[in-house]
Amino acid sequence: MTKSQLIQVLANSNPHLFQRDVERIVNTIFDEIAKALEAGDRVEMRGFGTFSLRRRAARTGRNPRTGDAVSVPEKSLPFFKTGKELREKLNTH
Amino acid sequence: MAGKTITRADLSEAIYREVGLSRNESAALVEMVLGEITNALSKGQPVKISSFGSFSVREKAQRVGRNLKTGEAVPILPRRVLVFRASHVLKGQVNDAGSKAQTES
């Protein structure tokens with residue numbers, strides 16, 4: 001499912017809303033999550049999961065083509081931990 | 001390091017503010033969005049949100065685990081796990097912030 005399909009499904013089940021509002025709703029949710037992570041905050045949605053940042057320490061990497069050592073600075077990566085309910089739903093075949 | 005936690009309530013507040021729906025309806029829509037994503041994933045379908053990231057379901061095979069207390073071997077049954085991969089856009093966004101936080105501390 002892509003974002004536009006998600007918007008379509010929600011628009012169909014909410015005929016009282018304009019499609020462009022549904023679009024804004026979906027975009028607002030993901031923008032808020034992104035903004036929170038950008039600020040270093042975590043986003044916790046009980047039953048669904050939690051977004052947080054994981055730090056990666058600086059390391060010396062290698063240019064795979066030339067084999068030269070390059071220093072890779074410390075960075076953060078977004079991380080998602082699946083919530084309990086969602087995890088259970090994935091496994092009810 | 002900022003240590004705030006954003007919850008569903010903050011997301012629905014943002015919808016209330018940005019889109020102008022009632023607070024109740026905003027909350028209901030947050031639920032619906034998460035519900036549809038859950039739905040697709042539980043059918044094994046990946047969910048791709050452009051410029052944010054993608055959620056995909058990975059099948060794990062059965063393997064032998066161990067009860068750490070008793071040391072006996074216990075089979076870990078085959079199961080499905082969820083993997084989130086952040087898009088390049090999101091990774092970039094987060095790292096501008098990360099380097100800032102680093103210099104501040």
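The exercises below, each with a worked solution, concern a predicted model.

**Exercise 1. The build of chain A**

Determine how many helices and strands chain A has, and in what order its elements run from the N terminus on.

Solution. Begin with the count, which gives three helices and five strands for chain A. Then follow the chain from the N terminus, where the elements run α-α-β-β-β-β-β-α. The radius of gyration of chain A is 19 Å, well over the 12 Å that the globule rule gives for 93 residues, so chain A is more spread out than a compact globule. As a last step, take the extent of the C-alpha trace, which spans about 60 × 30 × 30 Å along the principal axes of chain A.

**Exercise 2. Burial, contacts and surface of chain A**

Work out what share of the 93 residues of chain A counts as buried, and how the contacts and the accessible surface of chain A may be described.

Solution. Apply first the cut-off for burial, which is a relative accessible area under 20%; on that basis, 40% of the 93 residues of chain A count as buried. Turn next to the contacts in chain A between residues at least 6 apart in sequence, of which 31% join residues at least 24 apart. Finally, consider the accessible surface of chain A, which comes to about 5,600 Å², with 49% of that area belonging to carbon and sulfur atoms.

**Exercise 3. Charges and salt bridges**

Establish how many positive and negative side chains chain A has, and then examine the salt bridge between Arg24(A) and Asp21(A).

Solution. Chain A has 17 positive and 11 negative side chains, and the centres of these two sets lie 6 Å apart. Side chains of opposite charge can pair when their charged atoms come close. Over all chains, the structure holds nine salt bridges.

One of them joins the side chains of Arg24(A) and Asp21(A), with an N to O distance of 3.5 Å, which falls within the 4 Å cut-off for a salt bridge. Both residues belong to helix H2 (residues 19–38) of chain A, where they are three residues apart, about one turn of the helix. As for accessibility, Arg24(A) is partly exposed at a relative accessible area of 38%, whereas Asp21(A) is buried at 13%.

**Exercise 4. A network, and a further pair**

Identify which residues are linked with Glu32(A) in a network of salt bridges, and describe the pair formed by Arg46(A) and Glu44(A).

Solution. Start with the side chains of Glu32(A) and Lys35(A), which meet in a salt bridge at 3.1 Å, N to O. These two residues are three residues apart in helix H2 of chain A, a separation of about one helical turn. Glu32(A) counts as buried at 14% relative accessibility, while Lys35(A) is partly exposed at 47%. Adding Arg17(B) completes the answer, since Glu32(A), Lys35(A) and Arg17(B) are linked in a network of salt bridges.

For the further pair, the closest N and O atoms of Arg46(A) and Glu44(A) are 2.8 Å apart in their salt bridge. Here Arg46(A) counts as exposed at 64% relative accessibility, and Glu44(A) counts as buried at 18%.

**Exercise 5. Ser26(B)**

State where Ser26(B) is placed, whether Ser26(B) is buried or exposed, and with which residues Ser26(B) is in contact.

Solution. Locate Ser26(B) first, in helix H2 (residues 23–42) of chain B. Its relative accessible area is 0%, and Ser26(B) is therefore buried. Leaving aside the neighbours within four places in sequence, Ser26(B) is in contact with Ser12(B), Ile15(B), Tyr16(B) and Leu21(B).

How values were computed
Residues numbered from 1 in each chain as written. Chains lettered and ligands numbered in written order. Predicted model: local features only at pLDDT ≥ 70, side-chain atom pairs only at ≥ 80, totals over all residues. Heavy atoms only, no water. Helix = DSSP H or I, 4+ residues; strand = E, 2+ residues; numbered from the N terminus. Rg over C-alpha atoms; globule rule 2.2 N^0.38 Å. Buried < 20%, exposed > 50% of the residue type's maximum accessible area, 1.4 Å probe, protein only. Contact = heavy atoms within 4.5 Å. Areas by Shrake-Rupley, 256 points an atom, 1.4 Å probe, with all protein chains shown as cover. Lys, Arg positive; Asp, Glu negative; His and termini not counted. Charge placed at Lys NZ, Arg CZ, Asp CG, Glu CD.
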